[in-house]
Every structure is written in C-alpha cells, then in structure tokens.
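The following account leads through a protein structure, from individual residues to its cores and its principal pocket. Please keep the sequence and the coordinates in view while reading.

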Amino acid sequence: MWRRLRSALRRLRASPAASLPRGGRRLPAAMERAVVRCVPSEPKLSLRFVLPDGSAKHMQRDQAEPLGRALARIATNAAKGHAKAAKKSKKARAEGGPAGEAAAAGAAAPAVRLFSPDGEAVAEEMPNAAAWQDGAVLQIGEARYRVERNPPALTELQLPRSLLAGFPVCPKVSAEFAAPQHCLFRWYREQRPAAGGEAAAGGHGPAWVEAAAAERVFTPSNALVGLRLKLRCTPGDGAQRYGPPCEVESSGPVEAGPGACTFDSRHLYTKKVCGEGSIRAVSYNILADTYAQTEFSRTVLYPYCAPYALELDYRQNLLKKELAGYSADLICLQEVDKSVFVDSLTPALDAFGLDGLFKIKEKQHEGLATFYRRGKFSLLSQHDIAFSEALLSDPLHKELCDKLAKYPLVQEKVLQRSSVLQVSVLQSTTDPSRKICVANTHLYWHPKGGNIRLIQIAVALSHIKHVACDLYPSIPIIFCGDFNSTPSSGTYSFINSGGIAEDHEDWVSNGEEERCNMPLSHPFKLLSACGEPAYTNYVGGFHGCLDYIFIDKNALEVEQVIPLPSHEEVTTHQALPSVSHPSDHIALICDLKWK
C-alpha cells in the first residue's frame with residue numbers, strides 16, 4: 001500500500017497553498033498541480049495553482065462561464081505576477097541596464113491554454129464545469145500543470161485531548177472526495193529525551209519515532225506514558241487517488257490508565273462480532289456531560305467520585321473502549337451530548353464499523369443515539385418524534401389526547417416534557433427480506449412521574465405500531481432505553497403485558513390532584529431480553545433496574561445475555577460513576593437471533 005502511495009505522490013507532487021484542515025497542518029510541498037474543486041450543487045468552481053514566480057492563486061469562477069474567460073483571467077494574473085516580481089528586483093534594475101528596466105516595466109500576458117487528457121486543445125466556448133477535467137493540462141507560458149479535479153482532501157484531522165495507555169485513540173477525520181477507510185494512517189511517538197535531557201538533534205522541537213501501527217485506531221501501551229503522539233494521514237478514495245497528507249500532534253502526553261475497569265470481564269464474552277442471523281444489542285445511558293458537570297452532581301449526586309473521573313475527556317476514553325469492546329451490531333444510547341455524538345462517538349464507532357443516528361431533545365443539549373453495524377444493516381427510514389409534539393399534532397394519538405384533555409394538570413406536565421423517541425427501520429445487507437424496527441427512548445425521570453411515563457410509553461408504542469405494523473407490516477421490533485421504571489412499575493407492566501387498568505396505582509403517582517385514570521393497550525408481545533437485573537443504575541442514594549431491551553418474542557429469541565459486572569466490581573469505588581466506570585448506569589448487552 002505504501003509503495004502505491006509513494007508512486008501516487010510522485011505523480012501528484014504536493015499541494016499548493018490551501019486552507020488547512022482544522023486541527024492539522026499541511027505538509028511542505030512542490031507546486032506543479034492545478035487543483036479544481038467542482039461540485040454540481042455549487043454555482044462556482046475553485047481553481048488553485050502556483051505561478052512560476054511563486055505566487056499562489058485561488059480563483060472562483062462560475063461553472064457555466066465559458067472557459068476562455070477563465071483562461072484570460074489566468075493570463076492577466078500571470079502578467080501581474082511577473083511584473084510584481086520584476087519591480088521587487090531593484091538589483092536587477094540597477095545592474096541589468098536596459099534589459100532589467102524592460103523586465104521591470106512588465107511583460108505581455110503569457111499564452112494560456114487548456115488541453116484535454118488526450119492532448120486536444122479544449123474549446124474556449126466550453127463551460128468551465130465541463131472543461132476542467134481530471135488529467136487535463138493547463139499551460140501558462142512555458143509552465144505546465146496537471147489538472148486534478150476533486151482530489152481527495154482532508155478538511156479536519158483531530159486527536160482527542162485526553163490519551164490513556166491501554167485505551168483506543170480514535171482520531172476525528174473529515175475529508176472531501178475521500179473516505180476514512182481509504183485513507184492511509186501513520187502513527188508516531190515522541191522520542192524520550194536522552195539521559196542528560198538534551199533536546200532533539202538540531203534543537204527544533206521533539207524528534208518523532210514511528211509507532212508500530214498503520215491503522216486508523218491506535219492503542220498506546222504503558223511504555224508510551226509521558227510521550228505525545230503524532231498522526232500523519234493521507235486522504236484517499238476508492239480509485240486509489242491520494243491527496244496531500246496532513247499531520248496533527250496530540251496536545252498532551254499519554255497518561256496512565258485506571259487499571260481494571262468494570263467492563264473488562266464483559267469483553268471476554270464479546271471479542272467477536274455475532275454470526276449471520278444473530279444481533280448483538282446494547283442499551284446504555286452514558287450520563288450526559290451537561291448533567292455530570294454541575295456543582296450538584298459533584299457534591300450531592302456523586303460526591304464519592306473523584307472529580308477528574310467526572311471530566312468528559314476522561315469518561316469518553318472509558319466509554320469508547322467499553323463500546324468498541326462489545327462488538328455490537330446495534331447500540332442504543334441515552335443522555336448523549338450533541339458534541340459527544342459528533343466529535344467523539346461518531347468518529348470512534350465509525351472506525352469500528354458502525355454508523356450513527358442522533359435525535360436531540362427539544363430545548364436540551366443531549367438526546368438519543370442509535371448506532372448500527374453497516375456490514376450487517378442498511379438504514380431504510382427514520383421515524384423520530386418528540387412525545388409532546390406528536391401528542392398534539394399526529395392524528396394517531398387523537399384518542400389519547402382527547403382522554404388526556406380531561407386532566408389539564410397532567411396534560412400540562414406531559415406537554416412540558418422534552419422526551420423523544422428515536423425509531424429506525426433497518427434492513428439486513430445479506431437478506432433484504434429481514435427488516436427490523438429499532439426504537440430508543442429515555443422517559444421522564446421524576447420518581448413520582450409514573451403517570452407521565454404511562455402517557456409517554458402509550459405514545460411511543462402507538463407510534464411504533466404505526467411503523468412496524470402499517471408502514472412495514474409485521475416487522476419485528478427491538479425497543480431499548482432508560483425507561484426510568486422498575487419492574488414493579490405500571491410502565492413496565494404495561495409494556496410486558498400489553499395493557500394497563502384505569503385503576504392502576506401509577507395513575508395517582510403524584511397524588512390525587514394529578515390523578516388520571518384511563519385504560520391503555522398495545523398489540524405487541526414484548527419480552528425483557530435481559531430479564532430484571534437487581535439494578536442497572538447504582539448511585540449513592542439509589543439503585544434499581546431502570547433500563548431494558550424489549551424484544552418482539554414472536555420473531556426474536558435470546559441467545560445469550562452478557563453478565564453484568566459483579567456487585568463487588570460496581571461498588572469497588574462505592575458507587576457509579578467511578579474511575580473505572582464512565583456512567584451511573586450499566587450497559588445491557590444481549591445476543592438475539594431470528595426465530
């Protein structure tokens with residue numbers, strides 16, 4: 001692969017001056033390319049090249065403009081550049097006599113022509129969009145440039161701020177006309193200072209030594225603690241074209257990891273991806289940073305947790321290692337900060353073969369994320385809703401809305417909630433007849449909000465019924481989430497049994513003032529795939545089972561449930577979160593198979 005890259009780079013030479021990708025720097029380069037960026041959805045194309053006098057040109061031209069006008073502008077720019085260079089050379093004017101004076105006075109515009117890849121002159125009437133083809137040759141006077149149309153280019157290259165030994169480092173890679181799976185990666189580590197503490201040879205910053213890794217994800221060993229990392233990435237595409245490489249250095253050194261984590265023993269069961277016909281599903285409330293980083297959290301909710309272990313960067317290191325180690329096909333997450341989804345989880349899980357979808361809560365900075373293994377599933381459609389909005393505007397819920405209107409206090413509380421439901425319909429990549437409806441939610445949290453949760457889950461199941469019975473008749477469902485409901489609650493009973501009586505005690509969960517009595521039903525036969533664990537949430541003042549993976553028991557069955565961490569592991573640091581566990585919840589993991 002590297003032989004192919006060197007060959008490609010010799011052909012391309014390096015890039016002219018251009019805007020740098022955020023977080024990286026463009027490497028030094030020669031200047032014999034004319035780079036054209038032409039995207040059909042944009043009215044203009046851009047053209048970058050470097051004139052023989054060393055001046056970089058970046059032109060924007062209308063795609064529909066005749067080529068001749070663009071060539072005339074290039075000629076004018078070339079003549080101006082030549083004149084400026086001559087004027088700067090005072091020595092040439094002083095010593096060169098009449099010849100120097102003539103050069104300083106300027107020169108005629110050079111001939112500028114564009115030749116097609118097969119050597120024919122391109123007609124000047126042709127529109128720019130059609131004229132500037134990959135492999136064409138631009139001639140400016142005696143200088144010739146190879147045209148590269150939409151070559152692979154990095155737009156962003158970043159490393160996480162926090163690096164821990166034994167934990168995967170997943171760079172954020174954004175590229176245009178390229179894909180991360182076709183990019184080439186080289187990792188380097190700082191060279192340790194010599195015993196005497198002398199600086200690197202030449203005294204110009206650290207010396208870098210290539211690390212034994214040429215993959216997108218790099219896991220530093222304990223031997224690298226105290227050293228910074230550097231990544232060199234060369235963007236590539238499926239046609240084996242390569243753009244100019246970029247480098248980025250870590251902002252800090254690799255730090256020592258926490259040692260054993262609560263999920264290490266669970267990874268022993270999930271070393272490999274499930275076989276065909278099986279689905280490994282994960283549901284996990286990952287504790288939003290917007291809730292972890294408050295004075296109330298630090299002093300009241302989690303006073304037992306070391307402050308550094310509540311920091312987002314630290315928790316993300318643990319979370320990415322935990323999720324990657326589950327080798328899951330479906331991951332449903334709750335309390336996902338938008339920035340965490342975009343900047344951390346998406347690039348990390350993409351490197352492990354998963355694509356992600358995000359649904360933010362109304363008026364919040366966090367929401368739901370569903371990731372699916374792209375080798376097993378493709379996305380057919382999304383049907384996300386906000387409960388309050390759907391209840392008011394979707395005819396599906398008119399009957400429930402009318403019933404709720406009789407209880408204005410409860411109705412107001414339901415409509416004030418920002419809770420959402422994420423629904424994705426996936427199709428098997430190997431058997432298109434197999435489709436599945438994956439739902440993900442996080443219900444209202446308040447201990448006395450049982451009546452609110454019953455309304456929310458009724459809306460959720462009605463919406464899921466519309467998707468899984470009307471839009472895609474008879475497809476099975478997997479319903480994951482933090483339901484904030486213990487197995488003794490009305491919500492759990494309703495999901496499990498298919499109905500709830502109008503006199504259930506949860507209808508008065510917040511007292512007689514907010515009583516609302518109504519019978520509810522749904523058509524599904526649902527089963528809690530992981531049973532009823534003693535707890536999925538363990539904090540100082542509470543522990544209980546709040547999280548579930550419900551499955552359609554007519555179509556799916558449980559192959560195995562990955563054991564939860566032992567009570568000893570959970571309480572090693574008193575409660576959760578801790579230095580060895582990134583959330584106050586515990587992930588549920590199970591392997592399912594089609595019946």
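**From single residues to cores and pocket**

L396 counts as partly exposed, because its relative accessibility is 34%, and the range for that class lies between 20% and 50%. The model is a predicted one. L396 is placed in the loop that runs between α12 (387–393) and α13 (398–404). Leaving aside residues up to four places away in sequence, L396 touches S462, H463 and H466. A further relation links L396 with K465: the two are 69 residues apart in sequence, while their C-alpha atoms are 10.0 Å apart in space.

A contrasting case is T370, a residue of strand β19 (residues 366–373). T370 counts as buried because its relative accessibility is 1%, and the class takes in values under 20%. Which side chain makes a polar contact with the side chain of T370? The partner is Q422, at 2.7 Å. Q422 is also among the residues that T370 touches when those up to four places away in sequence are not counted; the others are I331, C332, D355, G356, L357, V438 and N440.

The nonpolar cores come next. In soluble globular proteins, nonpolar side chains tend to be buried together. Here the largest nonpolar core has 45 residues, and the members that touch the most other members are L421, I457, I464 and F479. The element that gives the most to this core is α15, with 11 residues. The contacts of F479 can be followed one by one: with residues up to four places away in sequence not counted, F479 touches L421, A439, N440, T441, I457, A460, L461, I464, Y548, I549 and F550. N440 thus appears in the contacts of F479 and also in those of T370. Separate from this core is a second one of 43 residues, which includes Y304, F358, A575 and V579.

The last feature is the largest pocket, with a volume of about 1,200 Å³. Its lining comprises 44 residues, and those nearest the centre of the pocket are W445, H446, P447, N484 and L546. Two or more lining residues come from each of α8 (295–301), α15 (450–471) and β28 (537–539). Of the elements, α8 gives the most to the lining, with 4 residues. What is the make-up of the lining by class? It has 21 polar, 15 nonpolar and 8 charged residues. Helix α15 therefore has a place in both descriptions, as a contributor to the pocket lining and to the largest nonpolar core, under the helix definition used here.

How values were computed: Residues are numbered from 1 along each chain as its sequence is written. This is a predicted model: local features need pLDDT of at least 70, side-chain atom pairs count only at pLDDT 80 or more; totals for chains, interfaces and linings use all residues. Side-chain values use heavy atoms; hydrogens and water are left out. On a 1 Å grid over the protein atoms alone, a cavity is a set of points where a 1.4 Å probe fits but cannot get out, and a pocket is an open set with protein on both sides within 12 Å along at least five of seven lines; lining residues have an atom within 4 Å of a point. Grid points are joined across faces, edges and corners, and a volume is the space filled by probe spheres set on the points. Ala, Val, Leu, Ile, Met, Phe, Trp, Tyr, Cys and Pro count as nonpolar, Asp, Glu, Lys and Arg as charged, and the others, Gly among them, as polar. A nonpolar core is a set of buried Ala, Val, Leu, Ile, Met, Phe, Trp, Tyr and Cys residues joined through side-chain atoms within 4.5 Å. Buried means under 20% relative accessible area, exposed over 50%, partly exposed in between (1.4 Å probe, protein chains only). Contact means heavy atoms within 4.5 Å. A polar contact is a pair of N or O atoms within 3.5 Å; within protein, one must be able to donate a hydrogen and the other to accept it, and residues adjacent in sequence count only if both atoms are side-chain atoms.
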